[in-house]
Amino acid sequence: MPLEEYKEKRDFEKTPEPAGSEGEAGGIFVVQEHQATHLHWDFRFELGGVLKSCAVPKGIPEEKKTKRLAVEVEDHPLEYATFRGVIPKGEYGAGSVKIWDTGQCRILERDHDRYVLELKGKRMIGRYALVRFKGKEQKAKNWLIMKL
Ligand code: MN
């Protein structure tokens, strides 16, 4: 169940976030600026009926050759792509969520350790890669995001 972890973490009586469902949106992505305990940017793209998601603490790279850490988080429902608002204090991810960019996403390459995406947003335009980060700790959830 792809959205199980997402649903487990949230109380939909308290958060304005969508409970959501799996579906098909025709290849979309979104970046949400999330002022939680620590400011970060959540990059999400459609794959397999959900939004694959990662948190980028230092911001989305806007220039080639800049690599930024992107920490994989739980899949989000497609409806999340239009979510903006305030997650109340005490709830998971409490803080404000703004849409930083959104648009179309085409997956050009995909394997266990690497994605190449063609994005058509307002700020993210062109090819971006997500590459699994092989640092000392070998944390499987750590990726690098870069503009190609
Ligand atoms: Mn977040």
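This passage describes a strand, its pairing partners, the nonpolar cores and a manganese site in a predicted model.

Strand β9, which spans residues 142–147, is a convenient point of entry. In this strand 6 of the 6 residues are buried, and β9 is therefore largely enclosed by the rest of the structure. In a regular strand, side chains point alternately to the two faces of the sheet. Both faces of β9 are covered, since Asn-142, Leu-144 and Met-146 are buried on one side, while Trp-143, Ile-145 and Lys-147 are buried on the other.

Two strands were found to pair with β9. Strand β4, formed by residues 67–76, runs antiparallel to β9 and is joined to it by 5 bridges, with Val-71 standing opposite Asn-142. Strand β8, formed by residues 125–132, likewise pairs with β9 in the antiparallel sense, over 5 bridges; along this pairing, Val-131 stands opposite Leu-144 and Ala-129 stands opposite Met-146. Strand β8 is also joined to β7 by 7 bridges, and these two strands run antiparallel. Ala-129 takes part here too, standing opposite Val-116, and the connection from β7 to β8 is a hairpin of 4 residues.

In soluble globular proteins, nonpolar side chains tend to be buried together. The largest nonpolar core of the model comprises 20 residues, and within it Phe-43, Phe-45, Met-124 and Leu-130 have the most contacts. Two or more residues are contributed to this core by each of β1 (28–35), β2 (39–47), β3 (50–56), β6 (95–111), β7 (114–120), β8 and β9, and the greatest contribution, of 4 residues, comes from β2. When neighbours within four places in sequence are left aside, Leu-130 is in contact with a set of residues that includes Phe-43 and Phe-45, as well as Trp-143, Leu-144 and Ile-145; the contacts of Leu-130 further include Cys-54, Ala-70 and Tyr-115, together with Asp-113 and Arg-114. Apart from the largest core lies another, of 10 residues, among them Ile-28, Tyr-80, Phe-83 and Val-97.

The model also holds a manganese ion, whose protein donors are His-34 through ND1, His-40 through NE2 and Asp-42 through OD, at 2.1 to 2.3 Å from the ion. Along the chain these donors follow the spacing H-x5-H-x1-D. Of the donor residues, His-40 and Asp-42 are both buried.

Conventions: Residues are numbered from 1 along each chain as its sequence is written. This is a predicted model: local features need pLDDT of at least 70, side-chain atom pairs count only at pLDDT 80 or more; totals for chains, interfaces and linings use all residues. Side-chain values use heavy atoms; hydrogens and water are left out. Buried means under 20% relative accessible area, exposed over 50%, partly exposed in between (1.4 Å probe, protein chains only). Two strands pair if DSSP finds at least two bridges between them. Donors are N, O and S atoms within 2.8 Å of the metal (3.2 Å for Na, K and Ca); water is not among the atoms, so sites may look incomplete. A nonpolar core is a set of buried Ala, Val, Leu, Ile, Met, Phe, Trp, Tyr and Cys residues joined through side-chain atoms within 4.5 Å. Contact means heavy atoms within 4.5 Å.
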